[in-house]
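User: I would like a close look at one part of this structure, with the reasoning spelled out for someone in a first year of study.

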Amino acid sequence: MIALVDCNNFYASCERLFKPSLDGKPVVVLSNNDGCVIARSNEAKALGIEMGALAFEMEDFFQKNNVAVFSSNYTLYGSSSQRVINTIKEFAPTVEVYSIDEAFLDLSTLKYQDLFELGQSIREAVKNNIGIPVTIGIAPTKTLAKMANRFAKKERKNIGIYVAQDQWQIDGLLSYTQVGDIWGIGSRHKKRLLLNKVYTGADFIKLSEEWVRKNMTVVGQRMLNELKGISCIEWENEPPPKKGICTAKSFGKMLSAKEDIIEALANYTSTSAAKLRKQKSCANLMQIFLQTNVHRTTDKQYYRSLSIPLPVATNNSAELIHNALMGLDVIFKEGYNYKKVGIMLLDLVPESQIQIGLFDEVNRPRDKKVMATFDTINNLYGKDIVRFAVQGYHRRWRLRQERLSPCYTTNLNQVFIVKI
């Protein structure tokens with residue numbers, strides 16, 4: 001049996017952790033640059049606030065309905081997510097982190113455990129230890145566990161748990177779930193299935209394997225077996241290395257000065273390089289781009305990208321920043337109001353398999369030690385405590401975060417203080 005633990009309205013729940021006064025009140029979280037709604041509490045959903053609603057259009061509505069509005073605080077969300085994972089790892093030998101607010105638990109070794117009681121224990125532990133409410137779906141496969149979790153959210157809100165252990169429970173789950181709500185079925189496959197009068201999960205499992213493999217490839221066949229209770233999706237104890245790494249963010253305001261864009265690109269490149277080192281990869285190819293705001297029709301428009309092959313695959317921040325800024329010299333043009341710059345690191349290879357150039361004179365063993373020390377200091381004392389001079393301190397390019405909550409769990413200067 002497999003359990004899927006899913007945090008309810010995760011971003012909104014994180015914002016409530018240190019603000020008990022928000023319990024029972026509508027809460028929304030905005031995207032980068034406070035652009036649109038990306039998370040809502042149940043109370044906000046009840047008010048009819050849609051995902052993706054533009055913040056500036058909803059300002060009067062927010063004030064009229066006393067909606068608490070927050071900028072995205074990914075540092076707080078990441079820290080809270082890790083605390084949730086650490087708690088649920090106490091209940092199962094194998095835990096796969098699926099996303100920032102979801103994790104699968106392998107319960108196959110807990111053969112004599114009452115699964116409903118186990119689910120209750122997990123919910124209570126997470127609520128008591130962290131304060132985040134979770135919903136749990138338990139079933140024989142990952143796809144059915146996803147389905148059980150969704151059923152619990154829709155039909156067992158007060159309980160927060162659904163166990164589909166017996167065949168009659170699984171059959172009921174399949175009949176309840178619309179085909180478009182099955183994990184892994186996108187809009188294109190949904191349209192094809194509906195045309196073939198496949199409306200629910202129960203209809204889907206009646207299809208022949210040959211038809212599913214022909215029309216939905218081997219992925220669809222795997223999904224079919226999962227719905228029949230045959231586990232086909234492998235466990236990932238660690239996330240697979242990314243095939244490409246991108247850091248690209250819109251500026252908090254329009255920028256035209258080259259020095260500001262240099263600072264932004266240097267910081268984005270440093271962030272991407274740290275991600276490379278974390279997964280022990282090196283990049284053979286770099287791509288940078290620069291663009292104006294296409295929505296500002298009164299401004300002159302410009303977009304340019306540039307691919308930069310690297311002489312030797314690397315994850316050294318200094319080397320990557322140097323190449324990125326050389327590329328920026330090529331694509332930057334004066335006289336434009338720029339909205340966004342970005343960098344992509346591509347053609348990644350394991351750092352143990354890089355091909356050194358014949359005329360390469362870089363002291364790579366020394367640089368590897370420098371970068372390891374660099375990362376250790378920043379991981380211990382905070383991001384960018386040690387940085388390259390070109391990364392600067394002005395930060396005119398920073399995201400607009402006018403409603404940012406404190407980083408209660410990661411910044412000693414912002415730790416919550418209780419006065420007795």
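User: Counting a side-chain nitrogen of Lys or Arg within 4 Å of a carboxyl oxygen of Asp or Glu as a salt bridge, how many salt bridges are there? Please then look closely at helix α11 (residues 258-278) and at the charged residues in it.

Analyst: The model is predicted, and by that rule the count in it comes to 12 salt bridges. One of them joins E59 and R403, whose closest N and O atoms are 2.7 Å apart. That pair links distant parts of the chain, since E59 lies in helix α3 (residues 55-64) and R403 in the segment after α13 (364-381), 344 residues apart. Both partners are partly exposed, E59 with a relative accessible area of 23% and R403 with one of 28%.

Turning to α11 itself, the helix has 21 residues and reaches 30 Å from its first C-alpha to its last, which is close to the 30 Å expected at 1.5 Å a residue. Of its 21 residues, 15 are buried, so α11 is largely enclosed by the rest of the structure.

Two salt bridges tie this helix to other helices, and they are best taken in turn. In one, the side chains of K258 and D329 meet at 2.7 Å, N to O. This pair links K258 in helix α11 with D329 in helix α12 (residues 317-331), distant parts of the chain that are 71 residues apart. K258 counts as partly exposed because its relative accessibility is 23%, a value between the limits of 20% and 50%, and D329 is likewise partly exposed, with a relative accessible area of 49%.

In the other, the side chains of D375 and R277 form a salt bridge, again at 2.7 Å from N to O. Here D375 belongs to helix α13 and R277 to helix α11, and the two, 98 residues apart, again link distant parts of the chain. Buried means under 20% relative accessible area, so D375, at 18% relative accessibility, counts as buried, and R277, at 10%, counts as buried too.

K278, which also has its place in helix α11, has another setting: at 76% relative accessibility it counts as exposed, because the value is over 50%. K278 gathers with K242, K249, K275 and K383 in a patch of positive charge on the surface. Just after α11, K280 takes a positive phi of about 60 degrees.

Taken together, α11 is a largely enclosed helix that is linked to α12 through K258 and to α13 through R277, while its residue K278 is exposed and belongs to a positive patch on the surface.

Methods. Residues numbered from 1 in each chain as written. Predicted model: local features only at pLDDT ≥ 70, side-chain atom pairs only at ≥ 80, totals over all residues. Heavy atoms only, no water. Patch = residues over 30% accessible without salt bridge, like charges linked within 9 Å, V, L, I, M, F, W, Y side chains within 5 Å. Areas by Shrake-Rupley, 256 points an atom, 1.4 Å probe, with all protein chains shown as cover. Lys, Arg positive; Asp, Glu negative; His and termini not counted. Charge placed at Lys NZ, Arg CZ, Asp CG, Glu CD. Helix = DSSP H or I, 4+ residues; strand = E, 2+ residues; numbered from the N terminus. Buried < 20%, exposed > 50% of the residue type's maximum accessible area, 1.4 Å probe, protein only. Expected span 1.5 Å × (residues − 1).
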